[in-house]
Amino acid sequence: MPVQSELHAPNATQEYGSEFFLPPADWLEETEPPPPSHPPAWAAMDHRLLSSGRGAISLILDSIEDTRKIALLPAYTCGSVCLPFQTHGYHIYFYDIHQDFSPDTADFMRMLEVCPSVFVHMGYFGIASTRLPPPLLAAAKQTDAVIIEDITHTVFCRDVDHTGSHYLAASLRKWMGMPSGGAAVAMDGNPLAPAPLVPHHAFYEPRHAAMRLKSCYLLGSARLGDVPSPQSRNPGYLQMFTQADAVVWQDPAPYAIDPLSARLWAHVDSEAIIMARRRNFARLLSHLHPTPAAELFFCNLQPQDSPLFFPLHINNDRRKLQRLLAEHRVYCPAHWSTPALAFLEAEELDAGFSGAKDIEDHILSLPCDQRYTPEDMDQIIAILQTCLREVER
């Protein structure tokens, strides 16, 4: 049975968002795997499966010869993307983006003048049109930089052209229930270091335990040991996830993907994931409309798109709205918890990046992943509207 497409549990203690859990599927412990399914197209290229996205970037940096060590990254990205460059001794520069996630062309061209030795670009939230426009990618190629596309947000986008990039990097665990998972992909015969042999035990073992414990918590089962009450506001698995996050922030080196996660990825049903996310995104899109309190970042869904979240631009007291939603068990991240711009000195941050800072200050992301159904989206919509009215009082 293909995995990661059947995680919705109608009788579960309901919550929306937050970390994935591992289903208590018997085949996870069996010798014979389920039939192979449909991985994304880039998985047919030369690639290495690793424990995390930052580990994937680290492996790519280990694979290239770079004496100048100047990196140019989008100003709107997660700080975890910066971490491997920092540990490899790079000086990091940023180019700003607009509120629609398109690059600020003038700032982009100005920052190319630093002559980066590594250039990073990415698309956002599974919307293919947010990827770097070809003319700007061509301009970046003129610098002779090694070009890395971070495909974490666009892992499952259909029919995208990665021509022009030398490498792709991704965090896979953002998309499905797996304890660890990242990918480094070499394009057009570019060198790629061998895959590490040792998994990141200090990272994936607490995540594995937490994901199984969360499964029991949501399903109201004590099969796997001491499980907190479904009414608990602070289930024990949250601390395990926090512990694992702290480990990978301290050590972004490349490690092998763990055996269970490799097994899950080998039998991923990408089409089921894409279709479920598209259905849920479409339901949210059809019922949510711009208001003075909350605006939409995206107003349509194209055939190439595979949504990661449904982001909103919150104009009034995002923190209060996020807290109210959490009280109704709707957990919405504000991307990012540690933004890339946190790596800048205060005087550098004051100098610009108005587009990226506006997004970071106002974005709130609704869950729309394959754990849920369109009917679940109706529940999220109703809760959101109630909470927005409370914020507006």
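Which residues in α9 meet which residues in α12? In this predicted model, the α9 side of the contact consists of Lys320, Leu321, Leu324 and Leu325, and these meet Ile383, Leu384, Cys387, Leu388, Glu390 and Val391 in α12. When these residues are sorted by class, the contact of α9 with α12 has eight nonpolar and two charged residues, with no polar residue present. Helix α9 spans residues 318-327 and helix α12 spans residues 374-392, and the two pack with their axes 9 Å apart at an angle of about 135°. Because angles over 145 degrees would be needed for a roughly antiparallel assignment, and 65 to 115 for a roughly perpendicular one, α9 is oblique to α12. The crossing of α9 and α12 is right-handed.

A second helix pair is formed by α1 (residues 53-63) and α2 (residues 79-87), which pack at an angle of about 30° and have their axes 9 Å apart. Since angles under 35 degrees count as roughly parallel, α1 and α2 are therefore described as roughly parallel to each other, and their crossing is right-handed. Helix α1 contributes Arg54, Ile57, Ser58 and Leu61 to the contact, while helix α2 contributes Ser80, Val81, Leu83, Pro84 and Phe85. In terms of residue class, the contact of α1 with α2 comprises six nonpolar residues, two polar residues and one charged residue.

Attention then turns to the empty space within the model. Rolling a probe the size of a water molecule over the atoms reveals where such space is left. By this rule, two cavities of 30 Å³ or more are counted. The second largest cavity holds about 50 Å³ of space, and its lining is made up of Pro74, Tyr95, Ile97, Phe101, Pro103, His121, Met122, Tyr124, Thr130, Arg131 and Leu132. Of the residues in this lining, eight are nonpolar, two are polar and one is charged; because Arg counts as charged, the charged member of the lining is Arg131.

Among the pockets, the second largest has a volume of about 240 Å³. Its lining comprises 16 residues, and those that lie nearest the centre of the pocket are Pro40, Ala41, Cys157, Arg158 and Asp159. Taken by class, the lining of the second largest pocket has ten nonpolar, three polar and three charged residues. Arg and Asp both count as charged, so that Arg158 and Asp159, which are included among the residues nearest the centre, belong to the charged class.

Terms used: Residues are numbered from 1 along each chain as its sequence is written. This is a predicted model: local features need pLDDT of at least 70, side-chain atom pairs count only at pLDDT 80 or more; totals for chains, interfaces and linings use all residues. Side-chain values use heavy atoms; hydrogens and water are left out. On a 1 Å grid over the protein atoms alone, a cavity is a set of points where a 1.4 Å probe fits but cannot get out, and a pocket is an open set with protein on both sides within 12 Å along at least five of seven lines; lining residues have an atom within 4 Å of a point. Grid points are joined across faces, edges and corners, and a volume is the space filled by probe spheres set on the points. Axes are lines fitted to C-alpha atoms, for helices over the stretch in contact, and angles run from 0 to 180 degrees between N-to-C directions. Helices (H or I, at least four residues) and strands (E, at least two) are DSSP runs, numbered from the N terminus. A crossing is left-handed if the near helix is turned anticlockwise from the far one by less than a right angle, and right-handed if clockwise. Contact means heavy atoms within 4.5 Å.
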